[in-house]
Amino acid sequence: WLNRMLLPDTVGTGGDSASSSSTTATTLPVAPTLSASSTANTTSTINVDVTNNNANGTLAITKNVLSYTPNGGSTSTVDKNSSGAADAANVDTQITGLTANTEYSITATNVGVGGTSAASGSRTEYTLPNAPTFSVASKTDTSITLTIDHNNPSGSLNITRYDVNIAGEGSSFAIGLNLAADKSDGTYTYSGLTTGTTYSVKVAIRNSNGDDSAYSGVTSVTTN
């Protein structure tokens with residue numbers, strides 16, 4: 001016979017272990033949304049409203065990163081200071097240094113303590129066209145013919161309308177155009193004027209998105 005030694009059951013009899021060290025984890029912020037701003041775009045700036053979209057009282061959003069891509073071009077990014085509040089809404093945010101008369105696709109992310117959110121949906125915005133310049137090509141007793149330089153970048157939005165304004169006569173429009181943004185020899189004749197009369201002439205243009213430029217400088221022209 002073999003003597004059998006019985007050992008005491010030691011499982012679970014030593015008490016609770018010490019707690020592990022604490023680890024802090026944070027969830028990522030929700031993506032922001034972009035909407036139209038009440039601030040008008042210019043030839044070199046675009047404004048959008050940014051809504052952070054996160055719950056009130058959650059971790060602060062330290063900045064918004066906006067990505068902007070011109071049609072057919074490369075993407076750039078710019079950091080914009082957030083209001084800080086996770087639930088900040090409709091914060092007017094401007095992108096500067098842009099090209100005139102150009103379509104841009106814009107997205108944004110929230111950056112917070114927990115990291116960077118996914119990107120917002122894309123929003124399309126347009127810069128305004130530069131004002132044209134013009135010269136007087138010819139004139140008669142009752143008409144003035146202008147040569148119009150669109151004065152906008154090659155490859156940007158086509159020009160669809162001329163607005164030729166003659167003080168005392170109002171504006172006359174050439175519509176239904178589809179001309180290159182950088183065309184320098186557009187022509188327009190303003191008729192029905194008075195012989196031997198001096199008129200102040202200025203010109204504006206409209207692009208294919210329906211955006212109007214500012215007027216050109218004013219030139220005084222006297223009919224024959």
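I take two strands as paired if DSSP finds at least two bridges between them. The model I am reading is predicted.

**Entry: the sheet**

I looked up strands 9, 10 and 13 and found an open sheet in the order 9-10-13, with antiparallel pairing. Strand 9 (133–139) and strand 13 (186–190) are at the edges with a single partner strand each, so one side of each has no neighbour in the sheet. I noted that neighbouring strands here are turned by 30 degrees against each other on average, direction ignored.

Next I checked how strand 9 meets strand 10 (residues 144–149): the two pair in the antiparallel sense over six bridges. I then asked which residue of strand 10 stands opposite Thr133. I found Asp149 there.

**Entry: Thr96**

I located Thr96 in the loop between strand 5 (91–95) and strand 6 (103–112). Is Thr96 buried or exposed? Its relative accessible area is 45%, so I list Thr96 as partly exposed, the class between under 20% and over 50%.

Setting aside neighbours within four places in sequence, I found Thr96 in contact with Ser44 and Thr45. I also looked up Ile46: its C-alpha is 6.8 Å from that of Thr96, and the two residues are 50 apart in sequence.

**Entry: Ser216**

I placed Ser216 in the loop between strand 14 (198–207) and strand 15 (219–222). With a relative accessible area of 10%, Ser216 is buried, since the cut-off is under 20%.

Which residues does Ser216 contact, leaving aside its neighbours within four places in sequence? I noted Ala131, Pro132, Phe134, Lys202 and Val203.

Definitions and conventions: Residues numbered from 1 in each chain as written. Predicted model: local features only at pLDDT ≥ 70, side-chain atom pairs only at ≥ 80, totals over all residues. Heavy atoms only, no water. Helix = DSSP H or I, 4+ residues; strand = E, 2+ residues; numbered from the N terminus. Axes fitted to C-alpha atoms, helices over the stretch in contact; angles between N-to-C directions. Buried < 20%, exposed > 50% of the residue type's maximum accessible area, 1.4 Å probe, protein only. Contact = heavy atoms within 4.5 Å.
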